[in-house]
Amino acid sequence: MVKRGVIRLLSLSVLLLSWPALAEQVDPEALYQTHCASCHGIDRLGGMGPALLPGNLSRLKQDEAIEVIREGRPATQMMGFDDVLAPAESEAVAKWIYTPPEAPPTWTMADIKQSHAVMHPFGSLPEAPTFDADPLNLFLVVETGDHHVSLLDGDTFERIDRFPSRYALHGGPKYTPDGRYVFFGSRDGWISKYDIYNQKMVAEVRAGINMRNIAVSGDGRYVMAANYLPHSLVLFDAHNLAPMKIYPAKGENGDTSRVSAVYAAPPRGSFIAALKDIKEVWEIPWPVPTSPVVSTGHMKEPIEAQRSHDTANFDVRRITVPDYLDDFFFDPEYRHVIGAARGGKGAMVVDLDSGNKVADLPLAGMPHLGSGVSWMLDGRRVMAIPHLTKGAVSIIDMSDWSLIKTLETQGPGFFMRSHENSPYAWVDVFFGPNSDKVHVIDKKTLEIVKTLTPAPGKVAAHVEFDRYGEKLLLSLWDRDGAVIVYDAQTLEELQRIPMDKPSGKYNVWNKTRYEEGTSH
Ligand code: DHE
C-alpha cells in the first residue's frame, strides 16, 4: 500500500510539473514508458503485468482498456491511474497499445532460455502426496477472475490448495500420465509446471509472446507449445521445462502461419498441430523410449505408441489438406482428425495415416470441435459438438460420418461434456440471452431432458465429471461465482463452492485416461 502511495505521489508530481504541456499534444508512448513499462515491459512484451500488444489484447475492448487504466484491476497489482493521467492521456495510451509496434516483436531461443526458471529441480521434492485425497480423482479449477487455480479433492470437494496462476490461462492444463504434475499455459506464452503432490510451482518458461495452448506427450516426457506470435511450435523437456527446439511454422510454399493449437495423440506417439494460415496439418512424433523410464516417475502407466513408422525423431510430417483447418477433434484411436474449415463453413475428416480427406461434415455455424464428446449409441460411436454461432448441437455417426441429428438449443454453446458412466451429456448456452442455462441431453434418445438455470443472470458453463461419472462440477462464470456440484444421475444440486469466475475444471483420472466424455 505504502509503495503504491509513493508511486501515485511521484506520478502526481510528474503530472503537476508537466501540467502546461498537457494542453499540447499527448505523447502516449512517453506516457507508457513513464507509467506502464516497469510492469508491462519497455517493448510491451509483458513483465509482472501482461503483454500489451494488439494480438494479446484482442479479447479486451478499447473502452475496457481505458477503464482498467483509469480504475485499475481489483485484486491485482494493476493500480488505477485516474489521479495520475488526465482522461485524454488514458485514452491516448489505450489507443496506442492497440497499435502494432514499428518492428514486429521477436521471441528467440535466447529469450526462451532467459525466461526459464527452475524453482525445484526434478526429483528434489518428496515422492508421496501431502494429502489423503485420491490423487487420481482430484480436480483443478481455473479461476479467471483473479488468476488463481484451486485444487479440489474429487470425493469431498474440499480445497487442498489455491495458488496464483500466470495472467489469463487458456486451454486445458495438461497432466503427466501419473497425475503428479500439471502444466498450465497462459495466453502470454508462459508455461508453468506445478507439483500436485507437494503443492509447489516447480518450473516456468515463456514459450512465446501470444500462445494458444500446450500439449504433453503420452509418456509425460515432452511439452509442446503452440504460438500465434511468433509463428512457431516450441518443444520442451517436461522434467524441468528446458527448451529443446523451435519449429518455425512455415508452409511448403514459404508462407508462415499462426499455430492454432497443438494436441497429443498418444496412440500415435505424436503431437498434431493445427495451422491457421496454411493448408497443412503437422504431425511431430516423439521418440519411444527403448527401455522403461520408471525412474523419472512420469511413466507409471505408459501409453504404448502403436505407430507403424518408428523413426520418431521430432521431425515434422506435413499433411496437406484441402482447406485451412482449425480446432480439432479426434476419434479415440487417433486415426482420424476432424477439423473445422475456415470461416465457420463446416468441417472435414482427414485420415491421419493416409493423409487423405475422407469426409466433409455439414457443420455450418462454427462447430466447436475442441469441446466435442463421443459415446457408443446402438453399437456405433457418435460424436456431439456445440456450435459457437448457432443454437444447436450436431450429432454425427463416426462410422460413416453422417449427420444423425441437429438438436436445437437455446443459443450457441461453448463446452460439452459427458462421462462413459453417465447417461447424459451436458452443453452450455454460452452466448446470447440464455447464457445462464445449461441443457442436459439424454445420450440414448438424443433429446434435451432438462434445462437448468442454476443462478438466473449468471453465465453457467463448462462441466467436468469426477472419475466415476457419479458427480459433476459446473461453473458459475462470474466474479461472484461458484463451482456447483451435481449428482450426475439425479441431476440434483449437492453443493456450491464459491470461486472467482471459475472457467475450466479438469479431473486427473478423466484427463490422463483420455475419457471419452471430456476434452484431451
Ligand atoms: Fe478457448 C480450450 C481456442 C476463446 C476458454 N480454446 C481451447 C482450445 C482451443 C481454443 C484450440 C483447446 C486447447 C487445449 O485445451 O489444449 N478459444 C479458442 C479460440 O479460438 C477462441 C474462440 C478465441 C480466442 O481468442 O482464443 C477461444 N476460450 C475462449 C474464451 O473466450 C474462453 C471462454 C475464456 C478464456 O479463458 O479465454 C475460452 N478454451 C477455454 C477453456 C478451454 C479452452 C476453459 C479448455 C476447455 C477444456 O475443458 O479442455
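The exercises below, each with a worked solution, concern a predicted model of a protein chain with a ligand.

**Exercise 1. Confidence**

Task: State the mean pLDDT of the chain, and find where pLDDT is below 50.

Solution:
- Step 1. Start with the whole chain: the mean pLDDT is 91, and 91% of the residues reach 70 or more.
- Step 2. Go to residues 1-21, where the pLDDT is below 50. Beyond near neighbours in sequence, this stretch has 16 contacts in the model.
- Step 3. Go on to residues 291-311, where pLDDT also stays under 50. The model has 42 contacts beyond four places in sequence for residues 291-311.

**Exercise 2. The iron atom**

Task: Identify the protein donor of the iron atom of the ligand, and locate the residue in the chain.

Solution:
- Step 1. Look for N, O and S atoms within 2.8 Å of the metal.
- Step 2. NE2 of H170, at 2.2 Å, is the only protein donor of the iron atom.
- Step 3. Place the residue: H170 sits in the loop that runs between β4 (159-164) and β5 (174-175).

**Exercise 3. The shell around the ligand**

Task: Describe the residues that surround the ligand, by distance, polar contact, element and class.

Solution:
- Step 1. Count the shell: the ligand is surrounded by 20 residues, the closest being H170, K174, R417, H462 and S519.
- Step 2. Search for side chains that reach oxygen atoms of the ligand. In R59, an N or O atom of the side chain is 2.7 Å from a ligand oxygen. For R212, a polar side-chain atom lies 2.7 Å from an oxygen atom of the ligand. N213 places a polar side-chain atom 2.8 Å from a ligand oxygen.
- Step 3. Assign elements: β9 (210-216) and β33 (502-507) are the elements that give two or more residues to the shell. The most comes from β9, with 3 residues.
- Step 4. Sort by class: the shell has 8 nonpolar, 7 polar and 5 charged residues.

**Exercise 4. N210 in its surroundings**

Task: Decide whether N210 is buried or exposed, and list what it touches.

Solution:
- Step 1. Locate the residue: N210 is part of strand β9.
- Step 2. Apply the cut-off: buried means under 20% relative accessible area. N210 has a relative accessible area of 9%, so it is buried.
- Step 3. Find the polar partner: the N210 side chain reaches the backbone oxygen of G55 at 3.4 Å.
- Step 4. List the contacts, leaving aside neighbours within four places in sequence: G55, N56, R187, N227, Y228 and L229.

**Exercise 5. Backbone exceptions**

Task: Find a cis peptide bond, and find residues other than glycine with a positive phi.

Solution:
- Step 1. Recall the usual case: most residues other than glycine have a negative phi, and most peptide bonds are trans.
- Step 2. Check omega: L229 and P230 are joined by a cis peptide bond, with omega about -10°. P230 is in the loop between β10 (222-229) and β11 (232-237). L229 has already appeared among the contacts of N210.
- Step 3. Check phi at Q199: the value is positive, about 50°, although Q199 is not a glycine. Q199 belongs to the loop between β7 (190-195) and β8 (200-206). Its relative accessibility is 23%, so Q199 counts as partly exposed.
- Step 4. Check phi at W401: the value is positive, near 60°, in a residue other than glycine. The loop between β23 (392-397) and β24 (402-408) holds W401. W401 counts as buried because its relative accessibility is 11%.

Methods. Residues are numbered from 1 along each chain as its sequence is written. This is a predicted model: local features need pLDDT of at least 70, side-chain atom pairs count only at pLDDT 80 or more; totals for chains, interfaces and linings use all residues. Side-chain values use heavy atoms; hydrogens and water are left out. Donors are N, O and S atoms within 2.8 Å of the metal (3.2 Å for Na, K and Ca); water is not among the atoms, so sites may look incomplete. Helices (H or I, at least four residues) and strands (E, at least two) are DSSP runs, numbered from the N terminus. A residue is near a molecule or strand if one of its heavy atoms lies within 4 Å of it. A polar contact is a pair of N or O atoms within 3.5 Å; within protein, one must be able to donate a hydrogen and the other to accept it, and residues adjacent in sequence count only if both atoms are side-chain atoms. Ala, Val, Leu, Ile, Met, Phe, Trp, Tyr, Cys and Pro count as nonpolar, Asp, Glu, Lys and Arg as charged, and the others, Gly among them, as polar. pLDDT is the predictor's confidence in each residue, from 0 to 100. Contact means heavy atoms within 4.5 Å. Buried means under 20% relative accessible area, exposed over 50%, partly exposed in between (1.4 Å probe, protein chains only).
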